[in-house]
Amino acid sequence: MPKDIDAKESGIGAASKRREDIRFLSGTGNYTDDINLNGQAYVHFLRSDVAHGRITSIETAAAAAMPGVLRVFTGADFEGVGSIPCGWQVTDRFGEVMQEPAHPVLAQGKVRHVGDPIAAVVAETAEAARDAAEAIELDIEELPAVVDMKAALAEGAPKVHDDLTSNLCYDWGFVEENKAAVDAAFDAAAHVTSLELVNNRLVANPMEPRVAVGDFNRATGDSTLYTTSQNPHVIRLLMGAFVLGIPEHKLRVVAPDVGGGFGSKIFHYAEEAFCTFAAKALNRAVKWTSSRSEAFMSDAHGRDHVTKIELALDADNNFTALRTDTLANMGAYLSTFAPSVPTWLHGTLMAGNYKTPLIYVNVKAVFTNTVPVDAYRGAGRPEATFQLERVIDKAALELGVDPIALRRQNFITEFPYATPVAVEYDTGDYVATMDKLEEIADIAGFAARRAESERAGKLRGLGVNCYIEACGIAPSNLVGQLGARAGLYESATVRVNATGGIVVMTGSHSHGQGHETSFPQVIASMIGIDEDMVEIEHGDTNNAPMGMGTYGSRSLAVGGSAMVRATEKIIAKAKKIAAHLMEAADADIELKDGQFSVAGTDKSVAWGDVTLAAYVPHNYPLEEIEPGLEETAFYDPANFTYPSGAYACEVEVDPETGKVSIERFAAADDFGNIVNPMIVDGQVHGGIGQGIGQALLEGCVYDENGQLLSASFMDYAMPRADDVPFYAVDHSCQTPCTHNPLGVKGCGEAGAIGSPPAVVNAVVNALRSAGKDVTHIDMPLSPARVWAAMQG
Amino acid sequence: MYEFEFTRPASVAEAVAALSTEDAQALGGGQTLIPTLKQRLAMPTTLVSLSGVAEMQGIRLEGDGPLVIGGAVTHAQVASGAGAYPALAALAGQIGDPAVRNRGTIGGSLANNDPAACYPAAALGSGATIVTNIRELAADDYFQGMFTTALEEGEIVVAVKFPIPDAANYQKFVQPASRFAMVGVFVARFADGVRVAVTGASEEGVFRWAEAEAALTANFTPDAISTLTVDADGMIGDIHGTKAYRAHLVNVMTRRAVSASA
């Protein structure tokens, strides 16, 4: 792979402009809310306004009699219908499986969080449905709510689920067998640094709220769901097999243009099952469009960990052991991948970029009367990175050593590297990314910039950190052992048409990632044709053979690899056809720049001649090869991929108000090989923006009764353009992945994983420059919190 | 939102008549009312839009002052058209975002009297006169606590008369999410004294900081108030900042306003 990637004009390595942006920027996208079916009805959900309560009566007759109302559904209508399933079963440190409560489509008996759907009115218009929902007579006996995780685990705490033994979902230890050795290493340590911190609860807030349209064809008995999903095939499986009992061949799920997901659109939601169910019950298409207010209380939230981390060092400042205790909020129900996030996507990353020989991670997952919590951009890896990179910075403070030097001293430098937390990093070069970071961040010039800020009455701070993530999710054999109830391969069908154009049907879903541009670059390079000859289709279970979807920075690494494998089959068959056309041996055929030639001769046929022969097989070896040119491949990765990097943030703090301003931000990433550097830049920019959002602005807050205080953009602070600086982004450090055919690692989550600790490290550094004895501030670092920290 | 009738009168007299029907509601720029209706938190029978009322349009300077601004004038119009009172124009240009500034009106803002809105600080800090369809009210008498004013049922803010100070400045420290004022301080220096009005901070809505006014009247420098404090009791405390933090910001923003206007 050439290093001067930006110089390429097309194919792998070219900064091809995103072809999908033409429709996104001109208002001609086709989002789920743009889909309106004949005879479509609308649903409005009556949601709980209390966090915990028992439904004592629900009277729907008046609502059902309202104008335009087709039917009012309650939990009773869903008796015998399946529970919204959880896709991952974690086994605890004692060998017991997690506690797994039922999750009804509509509340049955109890409500467990503000926003829990209780009843659903289907009517001719959305307004009529909402009017009628207000006429439902509902009595709820309010019960004490549990919001704080420690309180939820206390003896005698109110139980979110009466049929569970407690609010503890699981008590997970990793690696349990290492616990005694880790404790011993702490006893022998020359220095121990300890830090307690919160990883703040976030609301994903993609630009497009969730929408679902259910449809039913009485003539065929087929159901269709149009939905805002990152993985329509997964929804088809979860909803069809576990909730509604519809086999795959009778259920089609379509996720058309999707306006951002960030994890929150991975999961199967009750509203999807409701619309599909109601469409059949009423023989009408049924549509639900979430309002932003509903999104705040029904989309799965992210993060929400409370952690104590301890780092042991020897007398030479080598890391000797790491120990963490985390409480992870599950919310009121187990969302699709919730149990995996604080465990296998978090514990396995605790080694970070460092050769710490002994690590023990304990995670207690807790049910509370809050919205379910699940994967949000990075999912477990930001939580791991944040605590590790914060405790290292604190250790450097306590030891009086340079935080960059302390990191460099402890870097893993030899690969492959088997961590003490069960994963094997195939490649990486942490020294190279740190060197690159020091260059692009101009670390050497910081002192002068600090002096300049001080002259302006501002405190300037520099924060640096590293990150590692496990992407390209995931080897099915491995995740099966870890409790996944799904495989995590990907599939692709490559269909070559008679005139040489190609349609690829991929199970990877694009909702902002630019697959429609980057995937064709790969195929165009393999065959030597123009990118414009390749189109990508995704998002419809009737197209791609199967798909596990887009999350975990997996699309190119896993979905792209499936596409490569299918294209290799295409090329192999095309070579046979070419050999026949040129009356040569298969083995002598070479493909270059879209021309098949016979090695050592001047004979050649063009790509289009071969594809035409495949579909017009007049002169064709029918006894040896089938006509047509279409191949499918499934690809299951051999390992995770391990993108890594080093980030630097420079802030100015207003000492009078505590207001933090990000002045500079630099990111040096190793994503392995790069297909489209412009798209990679954009992914990193967006990720850092979300990381800065978490670090400075975003915080989802409940009061002690379980009322959501940050329930709208009036109180939930999203990052805006003027909250973020221009970024210095570099991805020229490339250690290709060794086990996928493209050598790619994935770039979608890095920014969100790598940036929060850099921001917090920088603010702590700034305050200490003014003599403030501050070692940590919990996110978001609002002006009020920073000011309070300065007051001591 | 629930269904309602909509009317857009052309004169104050017509507007007053329209507002006399039961459960009628005046609509200024709708930047508070429309979201409230969308949330179904209000159920007026008739919305009376004031945007077409002839007497409520325009900005005009009477001699050397006051600057008279029609109640239906938008924030964007004030930002670009109140050059005679630069501090006021600058304040208007910092309200919300362009969409808000192109719809929201000064009359609507003052009638609503949101405790975190900017205009109440300008009106109180300037000692403005609120002109309604039936009377003229001094700003000191007009603001009566959070979302509460001296306006009676059906009374309309037709115009606001701003005396033009020798120097003035508004400093806003924004709440991170809404970007309303967490603390906003308007300082205005007149020949006969200095006025300091604070928005965003108090549970009682906009207020004058008397101690700071006295100190600044004697010595219009930031140092004159560096040791003055407002009582944290009575300040707003919420997820964005404690009472003590807001009390602290009142001093910081006042000093900055003095610096910027001096």
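Colleague: In the hairpin of E21(A) and E22(A), which residue takes a positive phi?

Modeller: Happy to start there, bearing in mind that this is a predicted model. Strands E21(A) and E22(A), the latter spanning residues 502-506, pair in the antiparallel sense over 5 bridges. The hairpin has 5 residues between the strands, and the one with a positive phi, near 100°, is Gly500(A).

Colleague: And what is the bridge partner of Arg495(A) in E22(A)?

Modeller: Arg495(A) is matched across the bridge with a residue of E22(A). That partner is Val503(A).

Colleague: Which strand do 6 bridges join to E21(A)?

Modeller: The two strands run antiparallel. Val494(A) stands opposite Glu631(A) there. The strand joined to E21(A) by 6 bridges covers residues 630-635 of chain A and is E27(A).

Colleague: Why is E21(A) called largely enclosed by the rest of the structure?

Modeller: Strand E21 of chain A covers residues 490-496. It is largely enclosed because, of its 7 residues, the number buried is 6.

Colleague: How many residues of helix H3 of chain A are buried?

Modeller: This helix, residues 126-133, is mostly covered. Its buried residues, among them Arg130(A) and Asp131(A), pack against strands E1, E3 and E5 and helix H2 of chain A. Out of 8 residues in H3(A), the buried count is 6.

Colleague: Which helix gives the most to the side of chain A that touches chain B?

Modeller: Across this interface, 15 residues of chain A are in contact with 11 residues of chain B. The helix that gives the most to the chain A side does so with 3 residues, and this helix, residues 783-791, is H19.

Colleague: By class, how many residues on that side of chain A are nonpolar?

Modeller: The side of chain A that touches chain B includes 3 polar and 2 charged residues. The nonpolar ones number 10.

Key. Residues numbered from 1 in each chain as written. Chains lettered and ligands numbered in written order. Predicted model: local features only at pLDDT ≥ 70, side-chain atom pairs only at ≥ 80, totals over all residues. Contact = placed C-beta atoms within 7 Å. Helix = DSSP H or I, 4+ residues; strand = E, 2+ residues; numbered from the N terminus. Nonpolar A, V, L, I, M, F, W, Y, C, P; charged D, E, K, R; others polar. Buried ≥ 20, exposed ≤ 12 C-beta atoms within 10 Å, placed from the backbone. Pairing = 2+ DSSP bridges.
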